[in-house]
Amino acid sequence: SRCTESAPAALAAVQGALGHKMSMPGIVTVQTALNQLCRQTEGLRSITVTDRDGVVVLRAPDSVIDDPNAEQILTTIFSLTTEQTSKIEELGQANFIMTMYDNCMCLQANHLPLVIRMMAAKKANVGALIELLPHVKAMLGPTKNAITRETASY
């Protein structure tokens, strides 16, 4: 389920995220834009977009993960963590959760009904990844709207 949007909107989002111009003729898919971000952002290994149940909607680079259950486990842990921490009213809503592991880091953010996950090398620039989030969310606008329409009856 790859969502296609007009070239100017996707291109502008990617250019804003990367901080420089790039040229892409014709139609730019969200998949292409996410792949471009992964290629041009140092240390960024992948961007995965799932629904709140962990079902993969988009993945860049467009490859198959070794363990599909891992996607659902990561999304479930994120969803439970943000749900539980939201009960502490003084903190407000969680914008994103950064988890550091031995070999990598994982940045997860809500873009309801979607969850965005960025996996990066341990030495990647955390601030740069955080700054990418609004741009990734902007790129996912049409995808988010389509999923919201499809799941509205649930």
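**Close-up views of a predicted model**

The chain contains five helices and seven strands, and the model shown in every view below is a predicted one.

**View 1. The whole chain, from its order of elements to its surface.** Read along the sequence, the helices and strands follow one another in the pattern β-α-β-α-β-β-α-β-β-β-α-α. The chain has 154 residues, of which 42% count as buried. Among the contacts in the chain whose partners have a separation of 6 or more, 50% are made by residues 24 or more positions apart. The area that the chain exposes is about 8600 Å², and carbon and sulfur atoms supply 55% of this area.

**View 2. Helices α2 and α4, where their axes come within 10 Å.** Two packed helices are described by the angle between their axes and by the distance between those axes. Here helix α2 covers residues 30-40 and helix α4 covers residues 126-139, and their axes cross at roughly 165 degrees. Angles over 145 degrees count as roughly antiparallel, and α2 and α4 are therefore roughly antiparallel to each other. The crossing of these two helices, α2 and α4, is right-handed. Which residues of α2 and α4 meet? From α2 come Val-30, Ala-33, Leu-34 and Leu-37, while α4 contributes Leu-132, Val-136 and Met-139. Sorted by type, the residues of this contact of α2 with α4 comprise seven nonpolar ones, with no polar and no charged residue among them.

**View 3. Two cis peptide bonds, each leading into a proline of a loop.** As a general background, most peptide bonds are trans. The bond from Ala-60 to Pro-61, however, is cis, with an omega near -5 degrees. Pro-61 is found in the loop that runs between strand β4 (56-60) and helix α3 (68-85). Another cis peptide bond joins Leu-112 and Pro-113, and for this bond omega is about 10 degrees. Pro-113 lies in the loop between strand β6 (104-111) and strand β7 (114-121).

**View 4. Glu-83 and Thr-85, two residues of helix α3.** Is Glu-83 buried, partly exposed or exposed? With a relative accessibility of 45%, Glu-83 counts as partly exposed. Glu-83 and Ala-94 are eleven residues apart in sequence, and from C-alpha to C-alpha they are 8.8 Å apart in space. Thr-85 is likewise partly exposed, with a relative accessible area of 28%. When its neighbours within four places in sequence are left aside, Thr-85 is in contact with Leu-91 and Ala-94, so that Ala-94 appears in this view both as a contact of Thr-85 and as the partner in the distance given for Glu-83.

**View 5. Met-105, a buried residue of strand β6.** At 1% relative accessibility, Met-105 counts as buried, because the cut-off for a buried residue is a relative accessible area under 20%. How many residues lie between the sequence positions of Met-105 and Ala-121 when they are counted as a separation, and how far apart are the two in space? They are 16 residues apart in sequence and 6.2 Å apart in space, C-alpha to C-alpha. Leaving aside its neighbours within four places in sequence, Met-105 has contacts that include Met-98, Thr-99 and Met-100. Further along the chain, its contacts include Met-118, Met-119, Ala-120, Ala-121 and Lys-122, as well as Ala-124, Val-126 and Leu-129.

Note on methods. Residues numbered from 1 in each chain as written. Predicted model: local features only at pLDDT ≥ 70, side-chain atom pairs only at ≥ 80, totals over all residues. Heavy atoms only, no water. Axes fitted to C-alpha atoms, helices over the stretch in contact; angles between N-to-C directions. Helix = DSSP H or I, 4+ residues; strand = E, 2+ residues; numbered from the N terminus. Parallel < 35°, antiparallel > 145°, perpendicular 65-115°, else oblique. Left-handed = near helix turned anticlockwise from the far one by under 90°. Contact = heavy atoms within 4.5 Å. Nonpolar A, V, L, I, M, F, W, Y, C, P; charged D, E, K, R; others polar. Buried < 20%, exposed > 50% of the residue type's maximum accessible area, 1.4 Å probe, protein only. Areas by Shrake-Rupley, 256 points an atom, 1.4 Å probe, with all protein chains shown as cover.
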